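Biologist: Please show me the model, and then we can go through it by question and answer.

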Amino acid sequence: METATSSSDTPATSAAPPVQAAEKWGFPLQELYRLAFTFYKQNSGKAIHLSYEDNLKLIAFKQQASLGPFKTNDAPALGVLDVIGRDRQQHWQLLGDTSREQAMEGFIDLLDTMCSAFRPYIEAVRQDRDETLRKDLRRMELEKEVAQKQEREQQELLEEGYKEELQRRQLQDALNKQTYQQFKLYAEKQFPGNPEQQAVLIHQLQREHYHQYMQQLHLQNQNQTQAQTQTQNQSQVQEKAQQEKEEMPPANNNNSSTELANAMEGLKLNDFEQQTLEQQEQGQGHDEQVQTQVGGEYGQETGHHGSDEYDDYVMIRPAKIWTRPDIEQFKTEVSAGDGDGVITIGHGDTVTVRVPTNMNGKCIFWEFATDNYDIGFGIYFEWAKPVTNEVTVHVSDSDEEEDCVDEDYLSTTEDLESGTLSQDHTGLNNPTAASKAPISIIVPIYRRECYNEVYVGSHSYPGEGVYLLKFDNSYSIWRSKTLYYRVYYER
């Protein structure tokens, strides 16, 4: 009778609405029941020590929540000695028509009453769930922010690239308008009666002109940056000297006249050193000033020299360089000649083709190409009266050059051009080389990919002298190059 009374009281206490359990524990009823049943199975006989009667009640609530009300016809047959099974069916039958939700809530409430560790367990699970949700929300927000940031950066890059491309096209269109008539006249001379070839040549000339202009603009920006850096360094040196002067202790009256004289001599010496440095900078800037800037019209002359000694040969127009795609036809024509236009340049060698100016000509033209590999090319002008009117070829091996770099790597600080300039400075310091005729750089030596197309160029005579066409293979350690070239002048 006590068991029946205890069992009948339990459903009465569990008749509360399911919502209260969810609100009380912070979980939906079914999820909370699942956690309670898992806790009961894992800790029964360990952390939970319930009486036989309480275990029967919990099992009855579990059966009611899982299978519904007890049905005699569906109940399994019990043995004569199965006392535990009979007790379980009796407690299950006492629950009557209690709903499954009420049975779940009764299981939860009874377990909470009998075990004090159940509620802390549920609280820990809830906190862990809330913390996991918060982390997921933070992660999703961070991912969203990163995605938005990347999208903004990509949009900015696209806009910046679009602006740069628009500026480049505007600049190229402006340069093309300025040089179109000049290039058109030249194309009509090269391909008379062939508009298609003329259009291709004009496009190549305009492209080469744009690249030369951008190179000149880049050099100007570098020079301006260097000038600003030098100005800042000088300002810092002057400020430091002024501070040191102010921090110096006052001199004794007896030594004041001696120190004043020493200071005056030091000022004179500094002025002399400054003048010497300025003269050296003017001498070093001579080659850069000879290179003309591509400005409003193609071929506009700029640049001057600080010394009156070389006024007769420093005003040099820039060379015009372009390319032609008919490389195979060009090689065939050169090879069909006398054979003088085909040269094999050994590895580490530099070939100099000396072309004297012709008294009947006013402009020199050159064309060259190679087989399979590139080659360094540049043009110098020697200010000396030609001793012969014949074109001569001179070969110098790698032992005569100062530097030899690998073919597959050419640094910006030790390239062919800088090597040539270092030799020029060496020649200036050498008394023997000082007696040689002055040489101006018209086109610096750079490696040209002349194995895909024919490189063509022209230059107006700056005066009487000898053109030095340099084909440089000194950077190649193993490969020899086959050169096809042709030089002629225009009346």
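Modeller: This is a predicted model. A place to begin is Ser 396, which lies in strand β6.

Biologist: Is Ser 396 buried or exposed?

Modeller: The cut-off for buried is under 20% relative accessible area. Ser 396 has a relative accessible area of 14%. Ser 396 therefore counts as buried.

Biologist: What separation do the C-alpha atoms of Ser 396 and Val 351 have?

Modeller: Along the chain, Ser 396 and Val 351 are 45 residues apart. Strand β3 covers residues 350-356, and five bridges join β3 to β6. Between the C-alpha atoms of Ser 396 and Val 351 the separation is 6.4 Å.

Biologist: In what order do the strands of the open sheet with β6 and β3 stand?

Modeller: Five strands form this open sheet, and their pairing is antiparallel. β6 (392-396) and β7 (439-448) each have a single partner strand, so they stand at the edges, with one side of each left without a neighbour in the sheet. The twist averages 15° from one strand to the next. The order is β6-β3-β9-β5-β7.

Biologist: Which residue in β6 stands opposite Arg 354, and which in β9?

Modeller: β3 runs antiparallel to β6, with five bridges between them. β3 also pairs with β9 in the antiparallel sense, over seven bridges. In β6 the residue opposite Arg 354 is Thr 392, and in β9 it is Leu 468.

Biologist: How many residues of β9 are buried?

Modeller: On one side of β9, Val 466, Leu 468, Lys 470 and Asp 472 are buried. On the other side, Tyr 467, Leu 469 and Phe 471 are buried, and both faces are thus covered. The strand spans residues 466-472, and the number buried is seven of seven.

Biologist: Which residue in β9 is the bridge partner of Ile 379?

Modeller: Strand β5 (residues 375-382) is joined to β9 by seven bridges, and the two run antiparallel. For Ile 379, the bridge partner in β9 is Leu 469.

Biologist: Which residue in β7 stands opposite Phe 377?

Modeller: β5 and β7 pair over seven bridges in the antiparallel sense. β7 is mostly covered, with seven of its ten residues buried. Opposite Phe 377 in β7 stands Tyr 446.

Biologist: Which are the edge strands of the open sheet with β8 and β4?

Modeller: Five strands form this open sheet in the order β1-β8-β4-β10-β2, with antiparallel pairing. Neighbouring strands are turned by 25° against each other on average, direction ignored. The strands that pair on one side only are β1 (320-324) and β2 (342-345).

Biologist: What is the bridge partner of Ile 364 in β10?

Modeller: Strand β10 covers residues 481-490 and pairs with β4 in the antiparallel sense over eight bridges. In β10, the partner of Ile 364 is Tyr 489.

Biologist: What value is phi of Asn 372 near?

Modeller: Asn 372 lies in the loop between β4 and β5. At 59% relative accessibility, Asn 372 counts as exposed. Most residues other than glycine have a negative phi. Phi of Asn 372 is instead positive, near 75°.

Biologist: Which strand gives the largest share of the lining of the second largest cavity?

Modeller: The structure holds two cavities of 30 Å³ or more, and the second largest has a volume of about 30 Å³. Its lining residues are Ile 321, Trp 366, Phe 368, Phe 377, Arg 448, Tyr 455, Val 456 and Gly 457. The elements giving two or more residues to this lining are β4 (363-370) and β8 (454-460). The largest share, three residues, comes from β8.

Biologist: How many nonpolar residues does the lining of the second largest cavity have?

Modeller: One residue of this lining is polar and one is charged. The number of nonpolar residues is six.

Biologist: How far apart are the end C-alpha atoms of residues 130-160?

Modeller: UniProt, in an unreviewed entry, lists residues 130-160 as "coiled-coil region". In the model these residues are 100% helix and 0% strand. The end C-alpha atoms of this stretch are apart by 44 Å.

Definitions and conventions
Residues numbered from 1 in each chain as written. Predicted model: local features only at pLDDT ≥ 70, side-chain atom pairs only at ≥ 80, totals over all residues. Heavy atoms only, no water. UniProt positions renumbered as here; feature names shortened; annotations may be inferred. Helix = DSSP H or I, 4+ residues; strand = E, 2+ residues; numbered from the N terminus. 1 Å grid on protein atoms, 1.4 Å probe; cavity = no way out; pocket = protein on both sides within 12 Å on 5 of 7 lines; lining within 4 Å. Points joined across faces, edges and corners; volume = space filled by probe spheres on them. Nonpolar A, V, L, I, M, F, W, Y, C, P; charged D, E, K, R; others polar. Pairing = 2+ DSSP bridges. Axes fitted to C-alpha atoms, helices over the stretch in contact; angles between N-to-C directions. Buried < 20%, exposed > 50% of the residue type's maximum accessible area, 1.4 Å probe, protein only.
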